[in-house]
Amino acid sequence: MKKVATRFAPSPTGPLHIGGVRTALFNWLYSKSKNGSFYLRIEDTDKERSKDVYKEQIIKSLKWIGVENDGDEYIQSKKIDDHIKVANKLLKNGHAYKCYCTNEEIEEQKKRAKQKKIPYIYDRKWRDKSETEAPKDIKPTIRFKSKIDGSSVLKDLVQGDVKIDNNTIEDFIILRNDGSPTYNLSASVDDHQMDITHIIRGDDHKINTFKQMQIYLAMKWELPTFAHIPLIHTTEGKKLSKRDKASTLDDYSTIGIIPEALRNYLLRLGWSYKDKEIFTKEESIKYFNLEGIGKSPSKLDMSRILSMNEHYIKNMNENDLYNQLSKYCESYKSKIPNEKSEKIKKSLSFLKNKAKSLEDILHNSKYIIDDVINFNKEDSKLIDDNAKKIISEFSISISKIDRLERNTLEPIINDLIKSHNTNFKGIGQPLRITLTGSKFGPGIYDIITSLGKEEVQKRLAAKIV
RNA sequence: GGUCCCUUCGUCUAUCGGUUAGGACACAUGGUUUUCAUCCAUGAAAGAGGGGUUCGAUUCCCCUAGGGACCGCCA
């Protein structure tokens with residue numbers, strides 16, 4: 001048995017979208033589950049649209065979610081000479097031919113086909129013509145001499161056997177009239193040269209596969225195994241594209257989705273293993289298989305992403321969580337001030353229980369980070385004279401104790417409840433508003449202990465005046 | 001229009017001919033709770049339709065309907 005090798009082959013014409021990330025994840029998981037290799041191939045042969053920034057962004061995105069390629073990135077444009085060599089070989093073998101049709105001629109045919117509502121397919125005009133008839137002033141394209149009779153079967157590991165009549169596959173161009181190779185040629189040659197054994201990709205490539213298989217056959221190369229996975233759809237049920245909202249990886253990292261959660265979500269989108277929902281990275285490698293991939297497209301569900309994120313945040317140790325949070329703040333918000341980092345880190349134990357995202361954590365820890373509190377106007381109104389009295393009494397009481405801890409604070413609060421003939425809310429709410437600026441937030445004991453005595457007294461004093 | 005693919009709760013899915021059709025998210029209700037949450041409990045919620053095959057179909061086959069992908073000298 002050959003060593004399993006998979007690849008992810010994006011073109012750097014835009015930021016990676018979530019469907020691409022899932023394809024990469026599946027390829028990576030499959031190879032790792034088989035102890036094989038996973039390669040990243042940048043298909044940058046479209047010189048017009050390929051951008052280096054996108055290439056870097058793709059690499060960064062994959063790294064972010066934990067999909068790491070073996071070896072260096074394979075840059076397709078560096079292999080163009082190899083692609084051309086194969087085209088020439090196919091030409092020599094009689095598996096390809098020169099086509100002298102002009103662009104205008106082809107366009108005209110397409111237009112006519114559309115008018116007649118019949119499917120356009122290149123009419124194979126130059127398939128059997130001799131070189132002597134060739135016009136001198138036209139640079140030809142090279143077309144692959146595709147099978148006309150019979151049918152072909154794609155043995156797909158996800159889709160099953162897909163049968164198609166050979167005459168529906170046209171004589172596709174493999175070399176443009178400027179001599180550059182096209183996608184189907186380049187991809188086939190690269191996959192062969194990289195010894196790719198399993199090609200896992202979106203099912204929008206299914207028709208291409210029939211073209212690529214013919215190139216393999218003509219070159220007498222060993223065919224790889226194919227697995228075409230259903231595409232991810234938007235909530236409207238259409239193919240996800242880069243232009244859709246919330247479709248790129250960055251859209252998720254911006255709102256504080258952590259990579260482990262997105263990885264787990266994407267894994268379970270269109271794939272399942274019994275009733276299991278949560279998979280560590282190791283488990284996902286252990287259990288991943290192609291049989292578990294469903295055949296129907298699935299829709300993105302934000303509430304599920306969020307709930308997965310919540311789960312990972314709650315179950316992450318506080319050091320790791322702090323690192324994630326701090327990276328997140330630095331990239332998308334503003335850096336957590338050094339002098340606040342310890343306080344935040346300590347508060348994570350309760351902050352993480354109230355958060356669905358890193359953004360939520362940051363929001364709930366605003367009262368620690370900001371020295372000047374932004375009071376919510378409505379909430380501020382709740383601080384009436386009576387409330388001020390409570391705050392003032394509380395302030396005096398805590399000045400008598402050294403350390404603010406739950407067990408030293410509890411008696412003070414209880415006394416206040418009694419003396420003011422109220423309930424916990426009657427004491428807790430004014431304190432929370434005074435200390436954080438809002439009536440929502442962490443538990444009052446958590447707020448007080450996380451701020452520390454000095455800061456608490458400062459904030460209480462500011463409100464009493 | 002042609003070719004191909006798909007169809008179980010709102011969503012992601014389990015079921016590989018025999019189940020009260022299971023789980024998760026979301027939702028609803030109740031409880032715990034100092035707010036918001038968390039947490040716990042409970043509930044509502046599905047086999048697109050029609051034919052076959054079979055003792056028995058969600059499961060196998062066919063048709064219909066609906067949805068999707070592809071149909072570039074883009075990848």
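The following conversation walks through a predicted model of a protein with RNA strand B.

Trainee: What should I know before reading the numbers?
Mentor: Residues are numbered from 1 along each chain as its sequence is written, and chains are lettered from A and ligands numbered from 1 in the order in which they are written. This is a predicted model in which local features need pLDDT of at least 70, side-chain atom pairs count only at pLDDT 80 or more, and totals for chains, interfaces and linings use all residues, while side-chain values use heavy atoms, with hydrogens and water left out.

Trainee: Which residues come nearest to RNA strand B?
Mentor: They are Arg-176, Lys-238, Lys-239, Lys-295 and Lys-354, out of 61 residues around the strand. A residue is near a strand if one of its heavy atoms lies within 4 Å of it.

Trainee: What share of the RNA atoms within 4 Å of the protein belongs to sugar or phosphate?
Mentor: The share is 70%, and the rest belong to bases.

Trainee: Which polar contacts are there, for example from Glu-43?
Mentor: A polar contact here is a pair of N or O atoms within 3.5 Å; within protein, one must be able to donate a hydrogen and the other to accept it, and residues adjacent in sequence count only if both atoms are side-chain atoms. A side-chain N or O atom of Glu-43 is 2.9 Å from a sugar or linking oxygen of RNA strand B. For the side chain of Ser-272, the corresponding distance to a sugar or linking oxygen is 3.1 Å. Asn-177 uses a polar backbone atom, 3.4 Å from a base oxygen.

Trainee: Which element gives the most to that surface?
Mentor: Helix H10 (302-315) does, with 5 residues. Helices (H or I, at least four residues) and strands (E, at least two) are DSSP runs, numbered from the N terminus.

Trainee: Changing topic, in what order do the strands of the open sheet run?
Mentor: The order is S1-S2-S3, with parallel pairing. Two strands pair if DSSP finds at least two bridges between them. S1 (5-8) and S3 (74-75) are the edge strands, each pairing on one side only. S1 and S2 (residues 37-42) pair over 4 bridges, and Phe-8 has Leu-40 in S2 as its bridge partner.

Trainee: And how many disulfides are there?
Mentor: The count is 0, where a disulfide is a pair of cysteine sulfur atoms within 2.5 Å.

Trainee: Why is Cys-101 not bonded to Cys-99?
Mentor: Because their sulfurs are 3.8 Å apart, which is too far for a bond.

Trainee: Is Cys-101 buried or exposed?
Mentor: Cys-101 is buried, at 9% relative accessibility, and Cys-329 is also buried, at 0%. Buried means under 20% relative accessible area, exposed over 50%, and partly exposed in between (1.4 Å probe, protein chains only).
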